[in-house]
Amino acid sequence: MDYRTAEMVWRAQMNDEMILNNAAYHLQQAVEKVLKGALECVGVTVPYSHKISKSIAMISNNGANLIVTEWLDDHAEMLSEWETETRYNMDFLVEKRKLDRAMVEVKKFMEINGIQDSLREELNDPEVRSKLLRCLPEDKRECTEFEMNCYYITFKKKL
């Protein structure tokens, strides 16, 4: 939802500082939540921090099933800055060109990891889907395609 919010605000194409900062904040939140969600899925207790670089390091150190793109790794500090500066620093301005690129790159990150509403390609294979459903408790087997995509990230190594 944070990505969708960022996209909606970004698409408004208003060069207003508050609008750009708002889109940047929600984009950062989308990345942070995906990273932290992947960590939680492998049993890692996530510390209270908005540092994207810290979450990325924890992903690689704890074997979370998430692909961190080169762009995301290279721009982790910028995204972390967007979390606080866009909300608390009235003089801060996200550059439109940076936000434009970030929108494209975060979308790639989410797509590579199957964070999408439609069923990820791997789950179109009935055998893979069946194996995944067997990993879930019975009361969780009736789920949306988005939820199924998230479960896939959790149980990918078992499949």
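This is a short tour of one helix pair and the nonpolar cores in a predicted model.

**Stop 1: two helices.** Select residues 17-41, helix α2, and residues 76-88, helix α5. Their axes come within 8 Å and cross at roughly 135°. Angles over 145 degrees would count as roughly antiparallel and 65 to 115 as roughly perpendicular, so α2 is oblique to α5. The crossing of α2 past α5 is left-handed.

**Stop 2: the contact.** Now show side chains. On α2, pick N21, A24, Y25, L27, Q28, Q29, V31 and E32. On α5, pick L79, S80, W82, E83, T86 and R87. These residues make the contact between the two helices. How many of the residues in the contact of α2 with α5 are nonpolar, polar and charged? There are 6 nonpolar, 5 polar and 3 charged.

**Stop 3: the largest core.** Keep L27 and W82 selected and add L99. These three have the most contacts inside the largest nonpolar core, which has 38 residues. Next, colour the helices that each supply at least two residues of this core: α1 (2-11), α2, α3 (52-62), α4 (70-74), α5 and α6 (96-112). Which helix gives the largest share of this core? Helix α2 does, with 10 residues.

**Stop 4: around L27.** Centre the view on L27. Leave aside its neighbours within four places in sequence. L27 is then in contact with Y3, A6, W82, L99, A102, M103 and V106.

**Stop 5: another core.** Finally, select L132, L136, M148 and F155. They are among the 7 residues of another core, which lies apart from the largest one.

Note on methods: Residues numbered from 1 in each chain as written. Predicted model: local features only at pLDDT ≥ 70, side-chain atom pairs only at ≥ 80, totals over all residues. Heavy atoms only, no water. Axes fitted to C-alpha atoms, helices over the stretch in contact; angles between N-to-C directions. Helix = DSSP H or I, 4+ residues; strand = E, 2+ residues; numbered from the N terminus. Parallel < 35°, antiparallel > 145°, perpendicular 65-115°, else oblique. Left-handed = near helix turned anticlockwise from the far one by under 90°. Contact = heavy atoms within 4.5 Å. Nonpolar A, V, L, I, M, F, W, Y, C, P; charged D, E, K, R; others polar. Core = buried A, V, L, I, M, F, W, Y, C linked by side-chain atoms within 4.5 Å. Buried < 20%, exposed > 50% of the residue type's maximum accessible area, 1.4 Å probe, protein only.
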